[in-house]
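Visitor: Please take a close look at one part of this model, the place where the strands and the helix between them come together. I would like one connected account rather than a list.

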Amino acid sequence: MTIVTGSQIREIEANIFTRTHYRADIAMALAGNCLADAVESIVENKLRIASVCGHGNNGGDGFAASYFLHSKGYDVTVFFDESRSDRLSPRIAGSDPHRL
């Protein structure tokens, strides 16, 4: 396994998105769906899920995972610090945390 820093992963992603025309929103949806599948594999019943999402790209993955879990019948509550929305990642700037 290779461990990379935040700046290294941003550079890696930028190269991938530029060279392959692979879209960041698609990558976020795929990451969110994989996370939702992982949660579903360890949760036996359709329990209530609390999702704590930050302002960066990982927060966007959390929003996406919350969406997929909600669509599978989970009762999902997303916690998000709206007072810092000026620091929101451009990838999730259009997301509405109240829609879930």
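**The β-α-β unit and its core**

Guide: The model is predicted, and its protein chain holds three helices and two strands. Along the sequence these elements come in the order α-α-β-α-β. Of the 100 residues in the protein chain, 25% are buried. The chain exposes about 7,000 Å², and 54% of that area comes from carbon and sulfur atoms. Among contacts between residues at least 6 apart in sequence, 74% join residues at least 24 apart.

The part in question begins with strand 1, residues 48-52. From strand 1 the chain passes through helix 3 to strand 2, and this β-α-β crossover is right-handed. Helix 3 covers residues 57-71, and strand 2 covers residues 75-79. The two strands pair in the parallel sense, with five bridges between them. Within this pairing, R48 stands opposite D75 in strand 2, and V52 stands opposite F79 in strand 2.

The faces of the strands can be taken next. In a regular strand, side chains alternate between the two faces of the sheet. In strand 1, I49 and S51 form the covered face, while R48, A50 and V52 form the uncovered one. In strand 2, the covered face consists of V76 and V78, and the uncovered face consists of D75, T77 and F79. Both opposite pairs named above can be placed on these faces: R48 and V52 are on the uncovered face of strand 1, and D75 and F79 are on the uncovered face of strand 2.

From the covered faces, I49, V76 and V78 belong to the largest nonpolar core. This core has ten residues in all: A36, V43, I49, C53, F63, L69, Y74, V76, V78 and F80. Helix 3 and strand 2 each supply at least two residues of it. One core member, C53, has contacts beyond its neighbours within four places in sequence, namely with G59, G62, F63, V78, F79 and F80. Of these partners, F63, V78 and F80 are themselves listed in the core.

Aromatic rings also matter for this account. A pair of aromatic rings is described by the distance of the centres and the angle of the planes. The count of such pairs is three. One of them joins F63 and F80, with 5.5 Å from centre to centre and 65° between the planes, and is edge-to-face. Because F63 lies in helix 3 and F80 in the segment after strand 2, the pair ties together parts that are 17 residues apart in sequence. F63 has 8% relative accessibility and so counts as buried; F80, at 18%, also counts as buried. Another edge-to-face pair is formed by Y67 and F68, at 5.3 Å centre to centre and with 75° between the planes. Y67 is partly exposed, its relative accessible area being 46%.

One further residue of helix 3 deserves a look, D61. This residue is buried, because its relative accessible area of 19% falls under the 20% cut-off. Leaving aside neighbours within four places in sequence, D61 is in contact with M28, A31 and G32.

Terms used:
Residues numbered from 1 in each chain as written. Predicted model: local features only at pLDDT ≥ 70, side-chain atom pairs only at ≥ 80, totals over all residues. Heavy atoms only, no water. Helix = DSSP H or I, 4+ residues; strand = E, 2+ residues; numbered from the N terminus. Buried < 20%, exposed > 50% of the residue type's maximum accessible area, 1.4 Å probe, protein only. Contact = heavy atoms within 4.5 Å. Areas by Shrake-Rupley, 256 points an atom, 1.4 Å probe, with all protein chains shown as cover. Phe/Tyr/Trp six-rings, centres within 6.5 Å; stacked < 30°, edge-to-face > 60°. Core = buried A, V, L, I, M, F, W, Y, C linked by side-chain atoms within 4.5 Å. Pairing = 2+ DSSP bridges. Right-handed = clockwise from strand over helix to strand, strands pointing away.
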